[in-house]
Structure formats: structure tokens, C-alpha cells
Amino acid sequence: MLTKIITRMREHTNHCYLCQQPGSDAVCQVCRQTIAAFGSPEEDLDFLNVQPRFSRYLPKLSHLDTLCIGPHHGVLQRLISLLKYQYKMEIANCLSQLLLTRIQRCYANLPLPEALIPVPLHPLKRGRRGFNQTELIAQHLSSSLSVPVLTRLIQKRFVGKAQAGLDGRQRRLVSTRQYRVVQAQTLRQLNHVAILDDVITTGTTMRRLCDRLTEVNPGIKIDLWSLSVSLPHQ
Ligand SMILES: [Zn+2]
């Protein structure tokens, strides 16, 4: 697996992954500018709450401060897919820069979180893929923001197959207990964290992680950072 990833990492031959134009960036400036990033008012941290189309669609998250680069379609969706499923890891740098710009604008007059928590993959899935895309993004952000990344604080316990053969009640139990806090002592010492994901779809993953964190530390402030958010159906 590692050999396969290294080979794929070396595939980048000074061409933009999207338009194939020669250049040293994995994504050229022209293609970056075609990303339909959010502008005002969706660039405000409370947009899930104040924008009715999102607050109706993502009620589980609407009370949390949230930021995203933009909606999950077009060029942004393609970049996330190239990173996640085709192992184009150089794209993590481009996506991190776009998210960093959004973070710096949103937190210009606000304190940054004390730690970043990338949404964990199950260890088996992480092993098969060879990396966790949210960890990669978090490491880029960490060095720019001087905020530590906590990759072992919380763990994913079950893979999808774990639900096979279970009845409805057991499935719900497995689903709600999908994540487990491993470093409770560290968590209790934190006042403010950000959970980082690549795409917010229904908000269920973020909600479950928030529930596990607040069970251990009820007073903690949790912000949500994501590369993209699925747009509600109009
Ligand atoms: Zn390009």
C-alpha cells in the first residue's frame, strides 16, 4: 500500500490536475479561481444558524460556529475527490490554503481554538487508504496557525460491515456509539476545539463527535471546520 501511495505521489509531473496546463502547482491559479467559494453571508461563522436554508437542513449543527470553503460541487468537489480517492496528496496543500484564508478572515477578532480534531477514520480504513485526508489538512493548518492537532483524542470504533446482522435497535446503538473518546484527561483540559472534516453532508458525523466530546467535557466550545458543505435541495 505504501509503495502504491508513494508511486502515486510521484505521478505529479508539473501539470495542474484539473486543466493539465504546465506549472509547479498541483492546482493552477486559474482553476483555483473557478472554485465557487462562499461569500457573505455564508462566510460568517453562524451561517448555519442564520441562513434558513441551512438551519432547516442541518438543525443538528445550527447552534455551532461553522466555516467551509464553499458548497460541495464543481471544482471543490472534484479536488476533494482527487485527494480522497485518487491519493493526490499535493492537493491537500491547495485545499488547506483555501481553508486557511477563510479561517483567518473568520477569526480575525476572535480567539482560535486550542486544538484541531480531524474526523477519525476507522484504523482499518486508514490503513487501507494509507492516510486520513482530514489529518493531512489539519497538519497543514496546524503549522500555519500554531494550533496542535489531536489525532488520538477520539477513535472510530466500527467499520460499516459491523452493522450487518443487527436489528434496528442494535444498529442505532452501534451508530450512536460509533466514536469513543480515548484521551479523556486531555479533553477535560481543553476549553475550545475545532473538529475538521472534508464535507458536511447530513451533519450526523459532526453531531456524534460533538456528543462524545461534551459527554466528557460538558463546558467545551466546539467549532466546525469543513472543506465543503452539501447544499440543501432547493
Ligand atoms: Zn488548472
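Strand β5 (residues 192–200) and strand β6 (residues 221–229) run parallel and are joined by eight bridges. Helices and strands are DSSP runs, numbered from the N terminus, a helix being H or I over at least four residues and a strand E over at least two. The model is predicted; local features require pLDDT of at least 70 and side-chain atom pairs count only at pLDDT 80 or more, while totals for chains, interfaces and linings use all residues. Residues are numbered from 1 along each chain as its sequence is written. Within the β5 and β6 pairing, H192 has K221 in β6 as its bridge partner, and I200 stands opposite V229 in β6.

Strand β5 also runs parallel to β2, to which four bridges join it; here I117 stands opposite I195 in β5. Of the nine residues of β5, seven are buried, so this strand is largely enclosed by the rest of the structure. A residue is buried if 20 or more other C-beta atoms, placed from the backbone, lie within 10 Å of its own; with 12 or fewer a residue is exposed, and in between partly exposed.

These pairings belong to an open sheet of four strands in the order β1-β6-β5-β2, with parallel pairing. Its edge strands, β1 (66–71) and β2 (115–118), each pair on one side only. Two strands are taken to pair if DSSP finds at least two bridges between them. On average, neighbouring strands of the sheet are turned by 20° against each other, direction ignored.

Two helices lie across strands of the sheet. Helix α11 (residues 204–216) lies across β5 and β6, running at about 160° to β5. Helix α5 (residues 74–85) lies across β1, β5 and β6, at about 100° to β6. Axes are lines fitted to C-alpha atoms, for helices over the stretch in contact, and angles between N-to-C directions run from 0 to 180 degrees.

Helix α5 also packs with helix α6 (residues 91–106) at an angle of about 140°, their axes lying 9 Å apart. That angle makes α5 oblique to α6, the term for angles that are not under 35 degrees (roughly parallel), over 145 (roughly antiparallel) or 65 to 115 (roughly perpendicular). In this packing, L79, L82 and L83 of α5 meet I91, A92, C94 and L95 of α6, contact requiring C-beta atoms, placed from the backbone, within 7 Å. By class, the contact of α5 with α6 has seven nonpolar, no polar and no charged residues. Nonpolar denotes Ala, Val, Leu, Ile, Met, Phe, Trp, Tyr, Cys and Pro, charged denotes Asp, Glu, Lys and Arg, and the others, Gly among them, are polar.
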